[in-house]
Amino acid sequence: MHISGQLIPTIRQLNTWPRFRLRLFAEGALVGVFAGLTAGFFRFALEKGTLLREYIYTILIQSDLWVNLLWFAALAAAGYILWRCVAYEPDAAGSGIPQVKGAIACALHMCWWRILWVKLFSGILGIGLGLSLGREGPSIQLGAVAAQGISETMGRTRMEERYLITAGASAGLAMAFNAPLAGVLFALEELHRNFSGVVLAPAMAAALISAVLCRFMFGGQSVFQFGMLPTFPVEYTWLAVILGLILGLCGLVFNKGLLASRKFYELPVFRKPWMPVAFALFTAGILGYVLPQVLGGGNDLINSLHSMPLSLQLFGILLVGKFLFTLVSYGSGVPGGFFLPILVIGALTGSVIGIGFIQIGLVEEAYLSNIVIISMAAFFTASVHSPITGTVLIMEMTGSYEHLLVLCMASLIALVTAKLCGGKPIYDTLLERLLKTGNKVGTHENQRNIIEFAVIGGSRLDGKKVTSVEWPERVALVDIKRGDGEIIPDSRAVIQAGDYIYILTDSPQSAEAVRCLAEEEIV
């Protein structure tokens, strides 16, 4: 693509900003339709695949040995197929959220049509066979690549494409969990790292359209069902503090385990590249007989927690099994997310803590489900470092909006605990690892992009004249927007908190340096 063909339309969009924002809103609604339908098909196929898997195991338990051996031979063949799919399109591996973050940051470019079919096929096959992976990460990437396909079909600029990718990701999460507000907040807080109106409008339009489609396809009920939840007493607020501290540390342990899971498959026993996937599927096959509750994403497991006997041994086995199997599944590199397994592990950890408190008489048994809900939000925040998304997500997924205070408290304490212990956002860390491996298929390192950043109060740009800022190499300041007005970025312009700056660069490293200038607080 020629540089002039990309930049001139982009600058024209900056000069006609109100009209451009209205167009983005309309395009966001269009993205919501296609991204929602794509993620909806993925969710529908996984639900049917789960039912089929459960039916198969009921037959296998009653069958002869040779039938069971034939099942494991089928798992080995599926492992080889999954490996071939990932080898064909490496950017479809894993959850896909780091790849979406990289595309939004202009650090890499996704081949949308290859990712679309590989992610759909491989995700349905791997998760359907029982790997402990979630539908949300693939749904986010499927929504993002659907939006990218629309953008490229309509010949949109790279700047506009980034907004549409964010909208598509928002629609994907809204469809996966029937959680439109969480979809918007995750796209803004975690993916785009920008709460500007120009980002919000298409993301909200896409998420709302996707949520409407979700309710047509799957009904309006929340994903997690806990029955009748009692009102959480104010005198138990101390529990939010304790849970935030404990789950903050547990989230840190989970992140370290997830990052180290690939090292397990570097052992000499895995001589062939397809063996890690086959091992993960064999593990799923064995667990299908002895601990089927930990197979798949795990939302059915959460829904059954309130009806299980209060046994520390039972919940402890489920927690250890789900934790270890999630590491085994994700480390194999199969397409699938760990977003939902994070919530399941958080719920099981909270159950173990809650049962312990109940047995020593600190908490009444009736409030165990409340503890589980708080623990999910805290564990998610400790891993992902997105407290707003975690709070809203759990409220939408449980259909309970009475836990806002304690969810916020536990999430913030978990975030502070994880940060004080050296924890980093898991998706940022995975993106850094992805870029360091050299797997940058289709990157745009030599293509110029105009990128938007929000200036935070107290940052190194706040209150500085344009000429007094030491801009990184390969960066040109193109525009400054303040509210509904524009500031010409000449020698007299002063950047203020709340401004949105637009830079021209062909270097992802330079763009990251500008982001640090805009966000990093002065020490």
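In this predicted model, the search for paired aromatic rings turns up 25 aromatic pairs. One of them joins Phe177 and Phe339, with 5.8 Å from centre to centre and 50 degrees between the planes, which makes the pair tilted. These two rings come from distant parts of the chain: Phe177 sits in helix 7 (residues 158–177) and Phe339 in helix 14 (residues 339–359), 162 residues apart. Both Phe177 and Phe339 are buried. Another pair, Phe232 with Tyr367, has its ring centres 6.4 Å apart and its planes at 90 degrees, so this one counts as edge-to-face. Here too the chain brings distant parts together, this time from loops: Phe232 belongs to the loop between helix 9 (197–218) and helix 10 (238–264), while Tyr367 belongs to the loop between helix 14 and helix 15 (368–384), and 135 residues separate the two. Phe232 and Tyr367 are both buried. Phe177 and Phe339 also turn up in an aromatic cluster, whose other members include Phe186, Phe254, Tyr330 and Tyr427.

Phe177 leads on to Arg135, since the two residues are in contact. Arg135 is found in the loop between helix 5 (112–128) and helix 6 (136–153). Arg135 is buried, yet it has no salt bridge. Why does Glu47 not count as a salt-bridge partner for Arg135? Glu47 is the nearest side chain of opposite charge, but it is 4.8 Å away, and a salt bridge needs the nitrogen and oxygen within 4 Å. What Arg135 does have is a backbone oxygen close at hand: that of Ala176 lies 2.8 Å from a polar atom of the Arg135 side chain. Leaving aside neighbours within four places in sequence, the contacts of Arg135 also include Phe42, Arg43, Leu46, Val223 and Asn299.

Salt bridges do occur elsewhere, and the whole structure holds 10 of them. In one, Glu190 meets Lys101, with the closest N and O atoms 3.3 Å apart. Glu190 lies in helix 8 and Lys101 in helix 4 (residues 97–104), so this pair ties together parts that are 89 residues apart in sequence. Glu190 is buried at 0% relative accessibility, and Lys101 is buried at 6%. A more local case is Glu161 with Arg158, whose closest N and O atoms are 2.7 Å apart. These two residues both lie in helix 7, three residues apart, or about one turn of the helix. Glu161 and Arg158 are both buried. Lys481 and Asp479 form a further salt bridge, at 3.1 Å between the closest N and O atoms. Lys481 is buried at 4% relative accessibility, as is Asp479 at 6%. Salt bridges with shared partners also link Arg23, Glu27, Arg156 and Glu160 into one network.

Next come the strands. Strand 2 (residues 475–482) pairs with strand 4 (residues 500–505) in the antiparallel sense, over six bridges. In this pairing, Val475 stands opposite Thr505. Strand 2 also runs antiparallel to strand 3 (residues 485–487), and three bridges join the two. There, Arg482 has Gly485 as its bridge partner.

Finally, two residues other than glycine have a positive phi. For Asn178, phi is near 50 degrees. Asn178 is in the loop between helix 7 and helix 8 (180–192), and it is buried with a relative accessible area of 6%. For His385, phi is near 65 degrees. His385 has its place in the loop between helix 15 and helix 16 (387–398), and at 11% relative accessibility it also counts as buried.

How values were computed:
Residues are numbered from 1 along each chain as its sequence is written. This is a predicted model: local features need pLDDT of at least 70, side-chain atom pairs count only at pLDDT 80 or more; totals for chains, interfaces and linings use all residues. Side-chain values use heavy atoms; hydrogens and water are left out. Helices (H or I, at least four residues) and strands (E, at least two) are DSSP runs, numbered from the N terminus. Buried means under 20% relative accessible area, exposed over 50%, partly exposed in between (1.4 Å probe, protein chains only). Lys and Arg count as positive and Asp and Glu as negative; His and the chain ends are not counted. A polar contact is a pair of N or O atoms within 3.5 Å; within protein, one must be able to donate a hydrogen and the other to accept it, and residues adjacent in sequence count only if both atoms are side-chain atoms. Contact means heavy atoms within 4.5 Å. Two strands pair if DSSP finds at least two bridges between them. Rings of Phe, Tyr and Trp (its six-membered ring) pair if their centres lie within 6.5 Å; planes under 30 degrees apart count as stacked, over 60 as edge-to-face and the rest as tilted.
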